Amino acid sequence: MGEHEHKMWLQQEVEDWNREGIIDDHQAKLILSRYGLTEAPSSNKNLSNKKDASQLVTVLSILGAFLIGIGGILFVASNWQKIPTIVKMVLLLGTTYGTYFIGWELKFNRRTHPAMGEALLFLASLFVGATIFLTAQIFNVNANEHWLLLVWFLAILPFGYAFRSSIIISLNIVTFALWTTFYISQARYLALSSFEIFMLYLLLGINLYGLGQLHLKFEKYAHFRIIHQGFGLFFILISYFYFSLETPYRDILTRLTPVNWQVQLFFLLFAVTSVIFLISNISMYRKVKNTKYELIVLALAFSGWIGAWLLTFFINSLTTSVTEYGHTYTRIDPTIATLLFILFNLIFFILSVGSILIGYYKATVPFVNIGMFFFVLGVLHLYFTTLYELLPRSLAFIAGGLILITLGWYLENKRRSIINEIRGGPVA
């Protein structure tokens with residue numbers, strides 16, 4: 001291969017990497033400029049402005065597509081009874097297919113408006129869900145059936161990867177999370193407690209993070225790991241934030257009813273896959289040392305789940321009966337509740353800091369932001385459950401204001417510093 005052919009091959013490869021999200025625009029220009037195939041990239045400030053403008057266009061396009069989709073669904077629904085069945089089906093399928101086609105043309109074929117094409121592909125994926133539920137209504141199928149969500153999830157499952165769309169993969173994750181909730185709720189005859197929901201979401205988070213790790217084995221889809229792992233961290237941290245409240249132990253935990261075999265099997269499958277992903281992460285740690293924080297977060301999260309799960313077997317020994325106004329209530333022992341409150345708050349804060357460290361060492365800004373958000377949320381919760389009750393109201397507000405201002409200033413500076421190191425430039 002001659003020098004000219006080699007440069008043309010390299011230029012095509014770099015453009016493919018950029019289009020698939022493996023490298024960003026700045027990195028692509030750096031590689032091409034090194035071989036004289038383009039001008040050197042502009043300064044970090046100009047690059048940041050262009051990137052922010054591009055992200056703004058993408059966000060606005062997706063929000064616009066979402067509003068159009070909701071408006072279209074509401075318009076059709078309001079006139080649904082007046083439309084013949086055959087027209088309904090043609091309208092649903094034609095709109096969904098047509099939206100996919102236009103989105104594909106703009107993003108991949110013509111490549112003139114990729115952000116708009118991305119938004120239309122996302123809109124079409126929303127239309128898939130609307131088509132499934134409205135078709136069920138046409139044929140007198142109960143729209144509350146959990147398997148309709150499963151069909152929606154399976155129907156759009158390949159599209160996130162086929163269209164290289166992070167937003168469609170995000171929608172896929174959300175539909176799967178909703179399906180699991182509705183499936184277990186219907187299996188429990190709508191008796192699913194909040195405690196069990198967050199137990200489920202905790203396992204889902206661990207599995208999503210582990211699934212994200214698997215994407216590293218496939219270079220073409222490696223950049224999608226951030227979506228799965230970001231959702232994984234979110235589900236893990238929001239579950240432990242719920243566990244850090246006193247409510248699950250003082251109230252909800254004592255009202256748990258026996259779990260049937262369907263729910264037990266569901267939890268068992270999620271637990272087994274979580275263990276598999278943990279083992280996989282341990283094997284990766286031997287090869288890549290900067291995965292140690294991921295290993296700590298996943299191991300601690302799963303250990304906490306085991307502890308919370310074991311609590312459900314000792315409800316009778318941990319609770320006492322209290323009679324108030326002629327009614328008898330079951331309440332967990334206050335000392336036990338306090339110990340659990342301290343323990344799960346400790347785990348929650350360790351996981352929040354762990355998320356920040358993962359983001360720092362993996363150069364992944366969203367992980368830093370997720371960890372910072374939940375860390376601040378945890379501090380606010382502790383303030384309103386401890387300091388606020390111990391001080392007079394006026395002093396509590398003053399102290400809270402000073403704490404929030406100081407904490408906000410420190411964490412924002414820290415966040416900027418971490419992102420600055422990750423990106424190698426100033427952060428606005």
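Begin by selecting residues 194-214, helix α9, together with residues 292-311, helix α13, in this predicted model; the two helices pack at an angle of about 155°, and their axes lie 11 Å apart. Because angles over 145 degrees count as roughly antiparallel, that value makes α9 roughly antiparallel to α13. Looking along the pair, you will find that α9 passes α13 in a left-handed crossing.

Keep α9 selected and add residues 225-243, helix α10, whose packing against α9 is again described by an angle of about 155°, here with the axes 7 Å apart. That angle makes α9 roughly antiparallel to α10 as well. If you then colour the contact of α9 with α10 by residue class, it divides into 18 nonpolar, eight polar and one charged residues. The crossing of α9 and α10 is left-handed.

Next, move to residues 85-109, helix α4, and residues 114-138, helix α5, and display the side chains of K107 in α4 and E118 in α5. These two side chains meet in a salt bridge, with a distance of 2.4 Å from N to O, and the pair links distant parts of the chain, the partners being eleven residues apart. The count for the model comes to one salt bridge.

Finally, select helix α12, residues 261-287, and find L268 within that helix. Showing the surface at L265, L268, L269, V272 and I276 brings up a nonpolar patch formed by these residues, which together have about 450 Å² of accessible area.

Conventions: Residues numbered from 1 in each chain as written. Predicted model: local features only at pLDDT ≥ 70, side-chain atom pairs only at ≥ 80, totals over all residues. Heavy atoms only, no water. Patch = residues over 30% accessible without salt bridge, like charges linked within 9 Å, V, L, I, M, F, W, Y side chains within 5 Å. Areas by Shrake-Rupley, 256 points an atom, 1.4 Å probe, with all protein chains shown as cover. Salt bridge = Lys/Arg side-chain N within 4 Å of Asp/Glu carboxyl O. Helix = DSSP H or I, 4+ residues; strand = E, 2+ residues; numbered from the N terminus. Axes fitted to C-alpha atoms, helices over the stretch in contact; angles between N-to-C directions. Parallel < 35°, antiparallel > 145°, perpendicular 65-115°, else oblique. Left-handed = near helix turned anticlockwise from the far one by under 90°. Nonpolar A, V, L, I, M, F, W, Y, C, P; charged D, E, K, R; others polar.
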